[in-house]
Amino acid sequence: MKHFKTNLVRKYLFFLIVCHLCQPGTLIAQMGPDYSKLFYLADLQGSPLTEKLVNGYVDGSPFFKSDWLNATLVEKSGNTYKDIKIKMDLLEHRIYFLDPANAERELTSPAKFLILNDPTQLNPLTFIELNELAKQKTESGKWWSQLLIDGNIKLLKNYNKIKYESKGYTTPGLEISVKDEIRWFLVKDEKLFPFKKQKELIDLLKADAPAMTGFTAAAKNPEAQFIEIVKAYNTIKASQ
């Protein structure tokens with residue numbers, strides 16, 4: 001009888017715990033790979049390339065990095081692929097990967113976001129399409145951008161690639177070069193706001209955080225400045 005009561009108590013406690021976990025707000029979903037939907041590389045959909053990916057430009061490159069980077073890829077369907085080799089073509093907005101046979105393929109299934117392990121960086125880099133974050137979908141929203149700060153306010157860095165064609169002096173035909181342009185975006189209330197300088201960013205934030213008026217970032221380079229400003233905004237909002 002005593003053993004029966006003990007089991008009954010255990011079952012009751014387990015029931016209470018399950019009910020608590022199922023309450024809204026108890027489990028918080030964060031952006032990141034859902035490893036419960038982990039798939040094998042052989043399942044990743046891609047079209048074969050007839051030629052190897054080469055940088056045929058006289059200057060610059062269409063790729064985020066010319067090397068193949070180890071990555072985690074999450075499709076819009078939720079399927080997740082770990083430890084795959086990725087190249088991001090930011091000029092044509094295409095993603096390439098190496099299949100199990102080490103053949104180069106172009107990704108054909110829609111990707112939601114990528115986590116790249118760049119050996120030159122201390123932390124992994126998260127890339128996402130701007131349209132995934134903004135309610136209003138635009139053509140420019142298809143650009144892949146680096147997510148610097150996630151949360152209610154999102155800060156993104158876009159590596160824009162611009163193609164130039166000129167008449168060749170030493171070779172027949174046109175010479176093609178690619179120049180890099182860094183663009184910055186803030187996502188607030190599911191709306192996309194471009195900006196260039198810290199004053200423009202502060203103007204976007206001070207409407208609902210007046211304490212941001214007159215704020216000046218101590219950092220010297222633009223990326224560190226913008227991160228500092230958004231973090232200061234989040235601190236102010238958290239204290240209100």
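Select His93 to begin: this residue is partly exposed, with a relative accessible area of 36%. His93 sits in the loop between S3 and strand S4 (94-98). Its backbone deserves attention, for the phi of His93 is near 60°, a positive value in a residue other than glycine. Most residues other than glycine have a negative phi. The model in view is a predicted one.

Next, move to strand S3 (residues 80-89) and select Asp83, which lies within that strand. Asp83 likewise is not a glycine, yet has a positive phi of about 55°. Asp83 is exposed, its relative accessible area being 55%.

Now turn to the interior and display the largest nonpolar core, a group of 20 residues. Within this core, Leu155, Leu201 and Met212 touch the most other members. Two or more residues each are given to the core by strand S8 (144-149), strand S9 (153-167), strand S10 (174-188), helix H2 (198-205) and helix H3 (222-239). Helix H3 supplies the largest share, with seven residues.

Select Leu201 and show its surroundings. Leaving aside residues up to four places away in sequence, Leu201 touches Leu186, Phe195, Phe226, Ile229 and Val230. Another core, of 19 residues, lies apart from the largest one; to locate this other core, select Ile95, Leu107, Leu116 and Trp144, which are among its members.

Finally, colour the protein by pLDDT. The average is 79, and 73% of the residues score at least 70. Then select residues 1-30, where the pLDDT is below 50. Beyond near neighbours in sequence, this stretch has three contacts in the model.

Methods:
Residues numbered from 1 in each chain as written. Predicted model: local features only at pLDDT ≥ 70, side-chain atom pairs only at ≥ 80, totals over all residues. Heavy atoms only, no water. pLDDT = per-residue confidence, 0-100. Contact = heavy atoms within 4.5 Å. Core = buried A, V, L, I, M, F, W, Y, C linked by side-chain atoms within 4.5 Å. Buried < 20%, exposed > 50% of the residue type's maximum accessible area, 1.4 Å probe, protein only. Helix = DSSP H or I, 4+ residues; strand = E, 2+ residues; numbered from the N terminus.
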